[in-house]
Amino acid sequence: STIGEIGGNILEIINNNIDAQIDALDAELEEFQKAQEEKIEVAEKTHEEENAKAQEAYDADLEALEAKKEQELISDTEYAMQKDLLESNLKAKQTALEEQLKQTKLNAQNELEAKEMEIKKKQNELAKKQFNSQKANDIATTLINGATAIVKGFAQLGPIAGAVNAG
């Protein structure tokens, strides 16, 4: 086997290694993306559950308030004020839950974008290494081919004619 073939084999090993690293980065990004999607799903489920709990609490409190009104334990004015307060508290809780869900989604998206940038940067560095390895191999192959041609010239034409042919 020639030096050029050995260089080609080494380059192939380097390229295979770099390709494997790039594939591993792709898999890492895919796993991270799935984790972010799962995080959002959990947040949405929690949002729905908390919203349902808030509505149930409101309904129970309103029922108790209406019972007090029917039993004439509170005035119509006090009933209206307390009912408005219950509605206001429910809306505030729902708004807070909605904001929490939006923030979770935004954080997940930002984390995913940051991870994508990190992976892309690493992949670009690997591609640059691959390019530089190919370039070094091409230069070495050119030098080896030139040296081989010179040696063949000397072998075929002798030291004087070979030197003239080479230069």
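Is Lys115 buried or exposed? In this predicted model, Lys115 comes out as buried, because its relative accessible area is 15% and the cut-off for that label is under 20%. That makes this lysine a handy place to start, since the charged contacts can be followed outward from here.

A search of the whole structure turns up 9 salt bridges. In one of them, the side chain of Lys115 pairs with that of Glu28, with an N to O distance of 2.8 Å. Lys115 sits in helix α2 and Glu28 in helix α1, so this pair ties together parts of the structure that are 87 residues apart in sequence. Glu28 itself counts as partly exposed, at 31% relative accessibility.

Lys115 has another partner in Glu118, and here the closest N and O atoms are 3.8 Å apart. This contact stays inside helix α2: the two residues are 3 apart, so about one helical turn separates them. Glu118 is partly exposed, with a relative accessibility of 34%. Through shared partners, the salt bridges link Glu28, Lys115, Glu118 and Lys122 into one network.

A further salt bridge in helix α2 joins Lys102 and Glu99, whose closest N and O atoms lie 3.9 Å apart. Once again the spacing is 3 residues, or about one turn of the helix. Neither side is buried: Lys102 is partly exposed at 48% relative accessibility, and Glu99 is partly exposed at 45%.

Next, the nonpolar side of things. The largest nonpolar core has 8 residues in all, namely Ala54, Tyr58, Leu62, Leu65, Ile74, Tyr79, Leu86 and Leu90. Two elements, α1 and α2 (residues 76-166), each give two or more residues to this core. Of the contributors, α1 gives the most, with 4 residues. Helices α1 and α2 are thus linked both through this core and through the Lys115 and Glu28 salt bridge.

Finally, there is charge on the surface that is not taken up in pairs. Glu56, Asp59, Glu63, Glu66 and Glu70 together form a negative surface patch; residues in such a patch have no salt bridge. One of these, Glu70, lies in helix α1, which covers residues 3-70. Glu70 counts as exposed because its relative accessibility is 70%, where the label calls for over 50%. Set beside Glu70, the buried Lys115 at 15% falls into the opposite class.

Note on methods. Residues numbered from 1 in each chain as written. Predicted model: local features only at pLDDT ≥ 70, side-chain atom pairs only at ≥ 80, totals over all residues. Heavy atoms only, no water. Patch = residues over 30% accessible without salt bridge, like charges linked within 9 Å, V, L, I, M, F, W, Y side chains within 5 Å. Areas by Shrake-Rupley, 256 points an atom, 1.4 Å probe, with all protein chains shown as cover. Salt bridge = Lys/Arg side-chain N within 4 Å of Asp/Glu carboxyl O. Lys, Arg positive; Asp, Glu negative; His and termini not counted. Charge placed at Lys NZ, Arg CZ, Asp CG, Glu CD. Buried < 20%, exposed > 50% of the residue type's maximum accessible area, 1.4 Å probe, protein only. Core = buried A, V, L, I, M, F, W, Y, C linked by side-chain atoms within 4.5 Å.
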